[in-house]
Amino acid sequence: MDYQEILEEIQSEITPFLRQGEVATYIPQLACVPITRFGMAVRTVDGRLFQVGAAAEPFSIQSISKVMSLTLAMTLVGDGLWQRVGREPSGTAFNSLVQLEYENGIPRNPFINAGALVVTDVILSRLRDAKGTVRDFVRELSGNPAIDFDPEVVRSEKGHGHRNAALAHFIKSFGNLENPAEEVLDAYFHHCSLAMSCADLAEAFLYLANGGFSPATERQVTTPSQAKYINSLMLTCGVYDAAGDFAYRVGLPGKSGVGGGIAAVMPQRFAVCVWSPGLNPYGNSLAGTKALELFTTKTGISIF
Ligand SMILES: NC(=O)CC[C@H](N)C(=O)O
């Protein structure tokens, strides 16, 4: 069976799972998306694109943007980044505050909110326009110049972002933010609000399947080692405290967002993105995780 047939099988088998999750409501704008939306796209290293369902429909990428922010921060400051953020799974929710106090404001990893706020601060200190640079970076990586922030989502996050504000100020109190907390939050919310489709994200993530070389940009975005580092971090930290279950079932490094997207990577082979807005209790797409599990099971391809 080729990838297209497999995607079509998954689309028909996924229906019972679509309503089992819950759409994120703590960012009210995300709750407006119908729970039955489903799309999936696979982009291969050898240049093929397969898609099914709403794979061309833009959605809020939310924490998937943490991969792009981390990539930029790694290329800007290299290993210095690890003075300010760790590389261990947190075992706590993506927006948890508990570890920060006894770990002195050093977030466990770059993919929980606390870690992404520090990464955003690193970018802000080094770029004249951090928001615009991240947006231009994803436009370039996906080959889609129409990608933009969703101002409604930014407003919705700002209006309800008390927990993120608490995290930013708490980190600042330990001296681990260089910029004002409000500026870091503004950039962070913008990055989360980027609207992209599964096809955009599968294309954008291809450099991670390809030793750091992005076909859309025809350039080496990261070194092969940096691509390995980012994939390793996605495997251990990309879906928060569901990392063990996700690795067991899917067997690929991946990054989720509360908009219901999950982007995952099979090194040397493909990048895949799935979107279904209903979330499991860990904040990862419930049907999206199932669809990825079906994909690696049906193809027999995973990193394990
Ligand atoms: N897991 C996520 O996608 C979280 C991102 C969301 N913008 C937040 O800060 O809470």
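Q: In which loop is V250 found?
A: In this predicted model, V250 belongs to none of the numbered residues of α12 (243–249) or β8 (254–256), but is found in the stretch that links them. The place asked for is therefore the loop between α12 and β8.

Q: Is V250 buried or exposed?
A: A residue is taken as buried when 20 or more other C-beta atoms lie within 10 Å of its own. V250 has 27 C-beta neighbours inside 10 Å, so the class that applies to V250 is buried.

Q: Which residues is V250 in contact with, leaving aside its neighbours within four places in sequence?
A: Contact here rests on C-beta atoms that lie within 7 Å of each other. Once the neighbours within four places in sequence are left aside, the residues in contact with V250 are A264, T289, L292, E293 and T296.

Q: Why is strand β10 described as largely enclosed by the rest of the structure?
A: In a regular strand the side chains alternate between the two faces of the sheet. In β10, F270, V272 and V274 lie on one side and A271, C273 and W275 on the other, and all of these are buried. Strand β10 (residues 270–275) is largely enclosed because the number of its residues that are buried is six of the six.

Q: Which residue of β10 does M40 stand opposite?
A: Strand β1 (residues 39–44) pairs with β10 in the antiparallel sense, over six bridges. Within this pairing, the residue of β10 that M40 stands opposite is V274.

Q: Which residue in the hairpin of β9 and β10 takes a positive phi?
A: Strand β9 (residues 261–266) runs antiparallel to β10 and is joined to it by six bridges, with A263 standing opposite C273. Three residues lie between the two strands of the hairpin, and the one that takes a positive phi, near 75 degrees, is Q268.

Q: What arc do the buried residues of α7 cover around the axis?
A: Helix α7 (residues 162–173) has 12 residues, which at 1.5 Å a residue should span 16 Å, and its end C-alpha atoms agree, being 16 Å apart. The buried residues in α7 are N164, L167, A168 and I171. They are on the same side of α7, because the arc that they cover is only 95 degrees.

Q: How many charged residues are in the shell around the ligand?
A: The residues around the ligand include Q62, S63, F94 and E157, and also N164. By class, the shell holds three nonpolar and seven polar residues, and the number of charged residues is one.

How values were computed: Residues numbered from 1 in each chain as written. Predicted model: local features only at pLDDT ≥ 70, side-chain atom pairs only at ≥ 80, totals over all residues. Near = placed C-beta within 6 Å. Nonpolar A, V, L, I, M, F, W, Y, C, P; charged D, E, K, R; others polar. Buried ≥ 20, exposed ≤ 12 C-beta atoms within 10 Å, placed from the backbone. Helix = DSSP H or I, 4+ residues; strand = E, 2+ residues; numbered from the N terminus. Pairing = 2+ DSSP bridges. Contact = placed C-beta atoms within 7 Å. Expected span 1.5 Å × (residues − 1). Arc of directions from axis to C-beta.
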